[in-house]
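Please open the model in your viewer and keep the selection tool at hand, since this tour moves from one selection to the next.

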Amino acid sequence: MIATDGSSPAPKRQHKADAKVATAPAKPRPVTRIQREKQDIILEAALEVFSVHGFRGATIDQIAEVAGMSKPNLLYYFPKKEEIHRRLMSELLVTWLAPLEEMRADGDPFVEIRSYIRRKLEMARDFPRQSRLFANEMLRGAPHIIDMLEVDLKALVEEKAQVLLTWMDQGKISRTDPYHLIFSIWATTQHYADFDVQVRAILGKGRGGEGRFEDAARYLEQLFLHGLTPRPKG
């Protein structure tokens, strides 16, 4: 609207109280100890249900039953199944990244790679449900954590690939593709979690006990470290 004298009217001033309401974001309430305990119970139950039934086959009712609480009580903490799943996957990815993060650039290459193989096998032994959950998410196209894969995981792999390349440039290990080396370690170690039933069925009672992980560790160390040992020139 234009004033009769041709000038623009002065803008209306917002009431101070209104301005304060408009600019002050609501602060989230801190999670109490009891709330955190309840969330942990739900997440543990969800891990069990998701690892068996997958995301699509799992239901809120199943998770509530395993958690030992009512469905309304569960929904108070996690309004949607998707929120539970994403929370699980984000925490799982942190666990999954830890063994690779421990690979030290200033360490002995063979010691570091051997330790990495063993840490991955320990995860296959100690966290089979988490491994199956992660594998199921990958098979579905990682819809809930693709952003984490493209940022956090990608950055870490690129960092450690550069460490491997530096060792290759220094002649400490044979030259190969560092990315596919990492992928191969993932594939061979995680096999003992995702296909554990198959492994135990084939090995039988004699070799299918806890010792199978130590047997696997020795074999994979020989496989990878022998392949990475520099060949004499000439």
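A residue is called buried here when its relative accessible area is under 20%, exposed when that value is over 50%, and partly exposed in between. Keep in mind throughout that the model is predicted.

Begin by selecting Asp196 and Arg212, which are both buried. Their side chains meet in a salt bridge, with 2.9 Å from N to O. If you then colour helix 10 (residues 196-207) and helix 11 (residues 211-228), you will see that Asp196 belongs to the former and Arg212 to the latter, so the pair ties together parts that are 16 residues apart in sequence.

Stay in helix 11 for the next stop, and select Glu214 and Arg218, whose side chains also form a salt bridge, at 3.4 Å from N to O. These two residues are four residues apart in helix 11, which means that about one helical turn separates them. Glu214 has a relative accessibility of 33% and therefore counts as partly exposed, and Arg218, at 45%, likewise counts as partly exposed.

Now widen the selection around this pair: which residues are linked with Glu214 and Arg218 in a network of salt bridges? Besides those two, the network holds Arg114, Arg118, Arg207, Asp215 and Glu221.

Move on to Arg129 and Glu48, where a salt bridge brings the closest N and O atoms to 2.9 Å apart. Arg129 lies in helix 7 (residues 128-139), whereas Glu48 lies in helix 2 (residues 33-57), so this pair ties together parts that are 81 residues apart in sequence. Glu48, with a relative accessibility of 34%, counts as partly exposed. The pairs visited so far are among the 24 salt bridges that a search of the whole structure finds.

For the last part of the tour, turn from contacts to empty space. Rolling a probe the size of a water molecule over the atoms shows where such space is left. How many cavities of 30 Å³ or more does the count come to? The count comes to one, and the largest cavity holds about 40 Å³ of space.

To find the largest cavity, select Trp96, Lys120, Met123, Ala124, Ser131, Thr189, Gln190 and Ala193, which line it. Helix 6 (109-126) and helix 9 (178-194) are the elements that give two or more residues to this lining. Colouring the lining of the largest cavity by class will show four nonpolar, three polar and one charged residues.

Conventions: Residues are numbered from 1 along each chain as its sequence is written. This is a predicted model: local features need pLDDT of at least 70, side-chain atom pairs count only at pLDDT 80 or more; totals for chains, interfaces and linings use all residues. Side-chain values use heavy atoms; hydrogens and water are left out. A salt bridge is a side-chain nitrogen of Lys or Arg within 4 Å of a carboxyl oxygen of Asp or Glu. Buried means under 20% relative accessible area, exposed over 50%, partly exposed in between (1.4 Å probe, protein chains only). On a 1 Å grid over the protein atoms alone, a cavity is a set of points where a 1.4 Å probe fits but cannot get out, and a pocket is an open set with protein on both sides within 12 Å along at least five of seven lines; lining residues have an atom within 4 Å of a point. Grid points are joined across faces, edges and corners, and a volume is the space filled by probe spheres set on the points. Ala, Val, Leu, Ile, Met, Phe, Trp, Tyr, Cys and Pro count as nonpolar, Asp, Glu, Lys and Arg as charged, and the others, Gly among them, as polar.
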